[in-house]
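Trainee: I would like a close look at one part, a charged pair within a helix, and then at how its surroundings are arranged. Please take it slowly and give the cut-offs as you go.

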Amino acid sequence: MGMITDWPSLAACQNGDPDALFVQGAEQNVAKRICRSCPVRYECLADALDNRIEFGVWGGMTERERRALLRRHPQVTSWRKMFEAAMKKNAKEKAGKDKVLVTTAT
């Protein structure tokens, strides 16, 4: 399963007030809650990180959180590719665990 290219059309915030994601202080925590159940949270975050978007809550992270993440991982050239690789790895590990469970259950 790869990341979705047309992610904005599936975003949880698509029909809400866009200004609600460009707030400051404690209101950012409210904005981040919108992202918690979003089906394209990682696509959104990868886009914000790859494009160095400076303002607003994207993918459940504030601008300050994204800046800190970028500083901690300057070697990452494509967050989208990194997230895709992590998703594939997790899917393989999950499939391996499922296979072990089936094998030991019989």
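How many residues apart are arginine 80 and glutamate 84 in helix α4?

Mentor: The model is predicted, with local features requiring pLDDT of at least 70 and side-chain atom pairs counting only at pLDDT 80 or more, while totals for chains, interfaces and linings use all residues. Residues are numbered from 1 along each chain as its sequence is written, and side-chain values use heavy atoms, with hydrogens and water left out.

Arginine 80 and glutamate 84 are four residues apart in helix α4, which spans residues 79-105, so about one helical turn separates them (helices are DSSP runs of H or I with at least four residues, numbered from the N terminus). Their side chains meet in a salt bridge at 3.9 Å, taken from N to O, the term standing for a side-chain nitrogen of Lys or Arg within 4 Å of a carboxyl oxygen of Asp or Glu. Arginine 80 is partly exposed because its relative accessible area is 24%, and glutamate 84 is likewise put in the partly exposed class by its 22% (buried is under 20%, exposed over 50% and partly exposed in between, with a 1.4 Å probe and protein chains only).

The structure holds two salt bridges, and in the other one the side chains of lysine 32 and glutamate 65 meet at 2.7 Å, N to O. That pair links distant parts of the chain, since lysine 32 belongs to helix α1 (residues 27-36) and glutamate 65 to helix α3, with their positions 33 residues apart in the numbering. For glutamate 65 the relative accessible area is 28%, so this residue is partly exposed.

Beside these charged pairs, Trp79 and Phe83 belong to the largest nonpolar core, which has ten residues, the others being Met3, Leu45, Ala46, Leu49, Met61, Leu69, Leu70 and Val76 (a set of buried Ala, Val, Leu, Ile, Met, Phe, Trp, Tyr and Cys residues joined through side-chain atoms within 4.5 Å). Two or more residues of this core come from each of the elements α2 (41-50), α3 and α4, and α2 gives the most, with three residues. Looking along α2 itself, one finds Glu43, Cys44, Leu45, Ala46, Ala48 and Leu49 buried.

Arginine 52 comes just after α2, within the loop between α2 and α3, and its backbone deserves a look, as phi is positive at about 50° although the residue is not a glycine. With 45% relative accessibility, arginine 52 counts as partly exposed.

Helix α3 covers residues 63-72 and includes arginine 71, a residue that counts as exposed because its relative accessibility is 61%. The C-alpha atom of arginine 71 is separated by 23 Å from that of alanine 26, with the two residues 45 apart along the chain. Alanine 26 is found in the segment before α1 and, with a relative accessible area of 61%, is therefore exposed.

The loop between α1 and α2 holds cysteine 38, whose relative accessible area of 16% is the reason why this residue is classed as buried. Its C-alpha atom and that of alanine 11 are separated by 6.1 Å, while the residues themselves are 27 apart along the chain.
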